[in-house]
Amino acid sequence: MSTTFQLDTSTSRANPTPKPRKRLTVPRIRDHKKDGQTKEPLVMLTAYTARQAQLLDTHCDILLVGDSLGQVIYGLDSTLPVTADMMIAHGAAVVRGSYHSLVVVDMPFGTYEGSKEQAFETASKIMADTGCAAVKLEGGEAMAETIAFLTNRGIPVMGHVGLTPQAVNVLGGYAARGRSQQEHDKILRDGKAVQDAGAFSLVAEGVIEPIAIALTQSLEIPVIGIGASAQCDGQVLVTEDMLGMFERVPRFVKRYEDIASVIDKTVAKYAEEVRDRSFPTAEQTYQPKS
Ligand code: KIV
């Protein structure tokens, strides 16, 4: 059943019908995987705006305010120029627009790698200013100390290993990872280090399938795949990618819609009606009261 929203003008909060289920918590997501097994995979999508969050919320377990908003919303070349302020503005909007899903906000490049104290300062500000329940950061063994520092101080962390887009300049591109034995072993060590440091879940991005399966089978925390394997404990995609907003479709994306064509046709119709003065009609105009 689709959800409808009534705006409460005194609070600016949109009240959904039917009433949403209670918001999922970090322990519930963590405990979704029991004794190394996940019955039903976790559903995660990116969200950047309140309205998008409203539409996705009822279908998802986790909404990720990904730093992919740099490319998707701001037209940047990579995630590197994304700032904490950008993440906070979009994170707060997604928290306002959602009721059920756990909201996780990405820590942007340059705001956490310097030291664990820097990471705490950024993560605590993101959490306080957005109301999100957790942050995500990229990196494995190198970030383990930081992840432990954050989780011990009340900040739940989702890890991210494999293809880590913030490291594009070190990796030399966005190709799938783990084809050499050395890389394969490193990714498995990264996943284990992130788990042992206290992360409640892990994104495995752009890794060859045997690595995704090995991570999923060897870790106790849910492993959420993107360009990974259907055997992961959950899946995540960039929403605009799966809706068909862009012409370029990465290999790991399934396009469930061609929303770009829908927009193109709809806007062409509007432009035509404006130009031939068939819009607005009497239905959309105000007349003096008689
Ligand atoms: O930024 C993002 O959207 C992400 C997902 C692709 C996992 O990190």
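Two residues are in contact when heavy atoms of theirs lie within 4.5 Å. Keep that idea at hand as we walk through this predicted model, starting with a helix and what packs around it.

Helix 2 covers residues 50-57, and its buried residues are Gln 52, Ala 53, Gln 54, Leu 56 and Asp 57. What covers them? Among the elements in contact with these buried residues are strand 1 (4-8), strand 2 (13-17), strand 5 (42-46) and strand 6 (62-65). Helix 4 (84-97) and helix 10 (239-243) are also included in that cover.

Now let us step back to the whole chain. The secondary structure comes to 11 helices and 12 strands. The radius of gyration is 21 Å, close to the 19 Å that the globule rule gives for 290 residues, so the chain is as compact as a globular protein of that length. Along its principal axes, the C-alpha trace spans about 75 × 40 × 40 Å. Of the 290 residues, 47% are buried. If you take the contacts with a separation of 6 or more, 57% of them join residues 24 or more positions apart.

The outside of the protein chain can be described too. About 15,400 Å² is exposed, and carbon and sulfur atoms supply 54% of that area. The chain carries 30 positive and 35 negative charges, and the mean positions of these two sets are 5 Å apart.

For a look at the inside, try Ser 201, which sits in strand 10 (residues 201-205). Its relative accessibility is 0%, so Ser 201 counts as buried. Leaving aside residues up to four places away in sequence, Ser 201 touches Val 157, Met 158 and Gly 159, along with Ile 221 and Pro 222.

Next come the cysteines. How many disulfides does the structure hold? The number is zero. For Cys 132, the closest cysteine sulfur is in Cys 60, and at 16 Å that is too far for a bond, because a disulfide needs the two sulfur atoms within 2.5 Å. Cys 232 is likewise in no disulfide, and its nearest cysteine sulfur, again that of Cys 60, is 17 Å away. Are these two residues buried or exposed? Cys 132 is buried, with a relative accessible area of 6%, and Cys 232 is buried as well, at 4%.

Strand 3 (residues 33-34) takes us back to the surface, since Lys 34 lies in this strand and is exposed, with a relative accessible area of 58%. Lys 34 and Ser 68 are 34 residues apart in sequence, and their C-alpha atoms are 31 Å apart in space. Asp 35 is found in the loop between strand 3 and strand 4 (37-38). This aspartate is exposed, with a relative accessible area of 73%.

Asp 35 also brings us to the backbone. Most residues other than glycine have a negative phi, and most peptide bonds are trans. Phi of Asp 35, however, is positive, near 50°. Arg 277 has a positive phi too, near 60°. Where is Arg 277 in the chain? Its place is in the segment after helix 11, and Arg 277 is exposed, with a relative accessible area of 74%.

Our last stop is Pro 280, also in the segment after helix 11 (259-275). The peptide bond leading from Phe 279 to Pro 280 is cis, with omega near 0°.

Key: Residues are numbered from 1 along each chain as its sequence is written. This is a predicted model: local features need pLDDT of at least 70, side-chain atom pairs count only at pLDDT 80 or more; totals for chains, interfaces and linings use all residues. Side-chain values use heavy atoms; hydrogens and water are left out. Helices (H or I, at least four residues) and strands (E, at least two) are DSSP runs, numbered from the N terminus. The radius of gyration is taken over C-alpha atoms; the globule rule is 2.2 Å times the number of residues to the power 0.38. Buried means under 20% relative accessible area, exposed over 50%, partly exposed in between (1.4 Å probe, protein chains only). Accessible areas come from the Shrake-Rupley method with a 1.4 Å probe; for residues, only the protein chains shown count as cover. Lys and Arg count as positive and Asp and Glu as negative; His and the chain ends are not counted. The place of a charge is taken as NZ of Lys, CZ of Arg, CG of Asp or CD of Glu.
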